[in-house]
Amino acid sequence: MLIPRKHFFHSFFSNIRGPLTSCPKTSSNGLKPNDSWTDSFTANNKKNGMIHLKMNADTGSSIISPVIMNSSVSCMPITIKMESLYKHGQKEKSFENIKTHHKAFLKEKLEYITDYTSIAGERIFLLERFAELWVTDGDYNKNYKEHELTEIEPCLPRYDKTHTNIKDIFRPTQGQRPLRVIITKGIAGIGKTIYVKKFVLDWAMMNAHQEYDFVFLFQFCELNLISAERLSLLQLLQQHYPHMKQLSETYLEVSAHSLFIFDGLDESHFSLEFEKSPVCSDVKKLVNLQSLLTNLIKGNLLRSASIWITTRPSTMNHIPSSYIDRVTEIQGFQDEEKEKYFLRKYQDKELTEKILTMVKTKNSLWMMCYVPAFCWILATVLENRSLCAEHFKDDTVTEVYTNFLIVIVTYHHHHRGHGKEKTEKTFQLLHSDRLALLNLGKLAFQCLKSQTFVFPEEDLKSFNIDASSIFSGFGREYYIENTVLSHRRVYSFVHTTVQEYFAALYIFQSYHSERRNLMSSSILRHFWEKFSNPTFFQVCKSACNEVIQSHTGHLDLFLQFLCGLGKENIQKCLQGLLTHIEKWDDDLQNISNYIKELLHLDIHPERCITLFHCLNQLNDKSVMAEFIKPICQGVLTSQSLSLAGYSAFAIILNRQKDKEEFDLSKYRISPLGLRRLSPVVQNFKKIILTGRIMDEEMIGSISALLLSTKNQIKELCLINNKLGNLGLKRLAAALMNSSCRLQTLILSRNDLTGQCSEGLISILRTNRILKTLDLKYNQLKDTGVKQLCVALKDSECEIETLRLWCNDFTHCCCEELFLALKANQSLKNLDLGCNKIGDLGMKHLCTAIKDDGCKLEKIELHQTGLTEKCCADLASALRTSQRVIYLELGYNNLGNRGIQRLSEALKDPNCKLQTLGLYRNNLTAACCPDLARGLVASSTLTELNLSSNSLKDSGAKSFFAALKITNCVIQELSLKDNGLTAACCEDIVSALRVIRTLRVLNLEHNSFGISAIKLQRFAQESICNIYL
């Protein structure tokens, strides 16, 4: 019996009930259920006496009842849920409307930016102001322990790293799994927030990233305000984006591909407890914010969603690496982008050129401009430099930030509408804001001591600071818009360096006006100084002592500011805030002297650099002058420097633009001196140290270099240093550490024996970055090579080049070595020269070459005792393997018959050899015709070395005659020292006129006599370089 039909559905679901009987299928234009529906008809359905079936029908369709074939059920109630495609289409349309509304909302919110010094009503189009940031792949374990802005080489853009385009940040590299969770790290002010806003704006304007249906941006400083609330993911979205209230959880979970961006993890006041958070997979379930975020990151919530988090490096480890698919790092501006920033900042091109010229002449300021926030501060100062130009010329950071203070105070008083009129006097302005600025400095100092950089509104009130007062020019405010929870707010300074300046200003003013030394840490000393009238020198001395004991560097720039504020020209600029001007020539000199004493102590190298910067703030160039001249005259080649001298040398090295290679062997550098140089030496790509006795102390200094989280060392060359087995064992600990970035390690002539194999095995198994290992001229012998093969067989070993030249091993270890070659999937270059492997060892090698598992491309077998007996096996290997492109067989005894066999292999199209070395192999003219024919037949062989044989004129004639064939591809040919005379000159010239590919022909150490002149003349006209 048919179920009654229902024609126009006006509700989302229609329930149709009626008796069911077995009946034949009816042919109709109505909808029928899917054939597979009977699979869901379970025993449980029968017991309950009901069948449930979901079907789709368009408006006006008729429904024919389903039939259960071969069923014994005579009658059963049935419920069919009918979903209207018309309503479904309406829902799709509603979904698109939400997307459109969301994009419009984000575009309006992010399209324009303003800064404190903008003209009234001025809105800056983000896309016009945005300058490209240099972004690279980063390291999860890399942390910063020094001050982020003023370290010796402050995280400058790494040009040796591949730039990651903002459009490709979620695009996996070849062989990489799809990326779900990405962390982007960068120091304060480097542009993380602007970077993500640019990404979101591009999506909202449909310029890029359209693979996402929705992009949601959250600031951690705003999330702090609701960290105590229990809410669902849907509620979180709807609170921040009220227009999303129409978004169904079904679309969020199933249909939509969403990107969640969480900006500023370092500003979070709540912890993400990944181990303790309960599991939540329901977007409507109420949980605390910590659980909500951890489940989102883990993938329990919205597994299909992508997550992007930005943070400072120091807080990146708050998220376990197991949940992170990729780490990127914002390196800041390159020089070209620095210029673009200033060009886009100013409308006046002539002014821009003048400012750029001035900034570039001040290396320290130009270097710090890699940080966009510092660019803004400097640009603000230079645009208004006339305010205090009579007192200083912006030579130091203290002068720049003092001028910045004056600019912001001036704007605050006269341009609350963000105008740009100038004021004639700053004295009254600073005086009227004196109390507010000092309270701001007190807050800055207290928070800096505790390393707090984001603070709640209650902290402002406790320091009597009004957020709408002068603070608005130096700080940022965070709150949640369009929600009832926005009654709580948090604040920070516009940049950490501004906070450090205000902290120093507070300490300085407290001493200047009240003679208080707030840097005194001892209660007894503090009590004593209260009655003994402390000097400014004592204040700075106390600060110096605290800074050199710091392991984080958070007070480095604070100390520089404090020293610089004592100068008379700075005090003149701060009149109004200060009541008078002090002349502290003696104190400033005492500070300089004390800093010089500290430089001779064994303190952290980065703190030494800070002390040099402090001397610069004091305009004391004496230490640099003392060491620059002798260093430039090469004094380090004959004697060691003092510790202070090494720090000065580090400053000099840092000015060197080329950071490719640093040869420590040119200088007499002690282990302690190397530690002082480490902040700059670690930025070189290649470090060379030769001819030294590597004691435990020097190995420790080199290890510290390799373990530095900021080291850029890719190659370490330790030749002839008598490292020994014990030394390698000590060095291995650093080489196995994840901070080590070495790709090439050269350990030639270091007295290594088979006993060092344990260390080598550990290095090769653990260090997956190391690609080249050079062990030439050691004494590994058969035992050591056999042990080395254990590491080569390991799947974790990713070495690509292994050099074992002259290690006194024989064919006895070759079977293990070539078994390892079959198993190893990465080794491409192998040097076995000057070892006695002989024909038997070569037989094992050829077996490995023919194996599909062997990846060898370049093989060096110089002086390995080979004869013509191995050539049959070698020829067979070359015919089989298409990977081998380089083969060095020099200084063996292959003879004419051996070469004839190899020549046959060259004719085979499977042979892909490009370079063949056959010097000093007892070859005569008899092999030349066969070799020439092989050379002509080969479509790949471009380089052939036949030096130091006895080809004579007859051999050369037959050889060059064959080379006249036009399809020859040879580019480099060496016939050096082959007994050639003037008799073959015409043949050579004749062939060169025909051969168009030959670029290099080496004919040195032959006897051409006067005919050499003819060859020289021909060489001048030829495209081939002929060496005579």
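In the predicted model, F262 lies opposite I309 of strand β12. This pair belongs to the junction between β10 and β12, two strands that run parallel and are joined by four bridges. On its other flank, β10 pairs with β8, again in the parallel sense, here over six bridges. Within that second pairing, F214 faces S258 of β10.

Strand β10 is well covered on both of its faces. The residues S258, F260 and F262 on one side, and L259, I261 and D263 on the other, are all buried. In a regular strand, side chains alternate between the two faces of the sheet. Because six of the six residues of β10 are buried, this strand is largely enclosed by the rest of the structure.

These strands are part of an open sheet of six, arranged in the order β6-β13-β7-β12-β10-β8, with mixed pairing. The edges are occupied by β6 (134-137) and β8 (214-219); each has a single partner strand, so one side of each is left without a neighbour in the sheet. From one strand to the next, the twist averages 20 degrees. Helix α4 (residues 192-204) packs on this sheet and touches β6, β7, β8, β10 (258-263), β12 (306-311) and β13. The direction of α4 makes an angle of about 155 degrees with that of β8.

Strands of a sheet pair through backbone hydrogen bonds, in either a parallel or an antiparallel sense. Both senses occur around β13. Strand β7 (residues 181-185) pairs with β13 (residues 326-332) in the parallel sense over four bridges. Along this pairing, T184 stands opposite T328 of β13, and R326 of β13 is the bridge partner of I182. The pairing of β6 with β13 is antiparallel and also comprises four bridges. There, T328 of β13 serves as the bridge partner of D137. Like β10, strand β13 is largely enclosed by the rest of the structure, because seven of its seven residues are buried.

A helix pair provides a further packing arrangement. The axes of helix α31 (residues 814-823) and helix α32 (residues 838-850) come within 9 Å and cross at roughly 10 degrees. The two helices are therefore roughly parallel to each other. On the α31 side, the contact is made by C814, E815, F818, L821 and K822, and on the α32 side by G841, H844, L845, T847 and A848. Classified by residue type, the contact of α31 with α32 contains five nonpolar, three polar and two charged residues.

Elsewhere, I124 is found in strand β5 (residues 124-125). With a relative accessible area of 10%, under the 20% cut-off, I124 is classed as buried. The C-alpha atom of I124 is separated by 9.8 Å from that of K345, although these residues are 221 residues apart along the chain.

At the level of the whole protein chain, the model contains 38 helices and 30 strands. Of its 1028 residues, 56% are buried. Among contacts between residues at least 6 apart in sequence, 80% join residues at least 24 apart. The protein chain exposes about 44,500 Å², of which carbon and sulfur atoms supply 48%.

Notes:
Residues are numbered from 1 along each chain as its sequence is written. This is a predicted model: local features need pLDDT of at least 70, side-chain atom pairs count only at pLDDT 80 or more; totals for chains, interfaces and linings use all residues. Side-chain values use heavy atoms; hydrogens and water are left out. Buried means under 20% relative accessible area, exposed over 50%, partly exposed in between (1.4 Å probe, protein chains only). Two strands pair if DSSP finds at least two bridges between them. Axes are lines fitted to C-alpha atoms, for helices over the stretch in contact, and angles run from 0 to 180 degrees between N-to-C directions. Contact means heavy atoms within 4.5 Å. Angles under 35 degrees count as roughly parallel, over 145 as roughly antiparallel, 65 to 115 as roughly perpendicular and the rest as oblique. Ala, Val, Leu, Ile, Met, Phe, Trp, Tyr, Cys and Pro count as nonpolar, Asp, Glu, Lys and Arg as charged, and the others, Gly among them, as polar. Accessible areas come from the Shrake-Rupley method with a 1.4 Å probe; for residues, only the protein chains shown count as cover.
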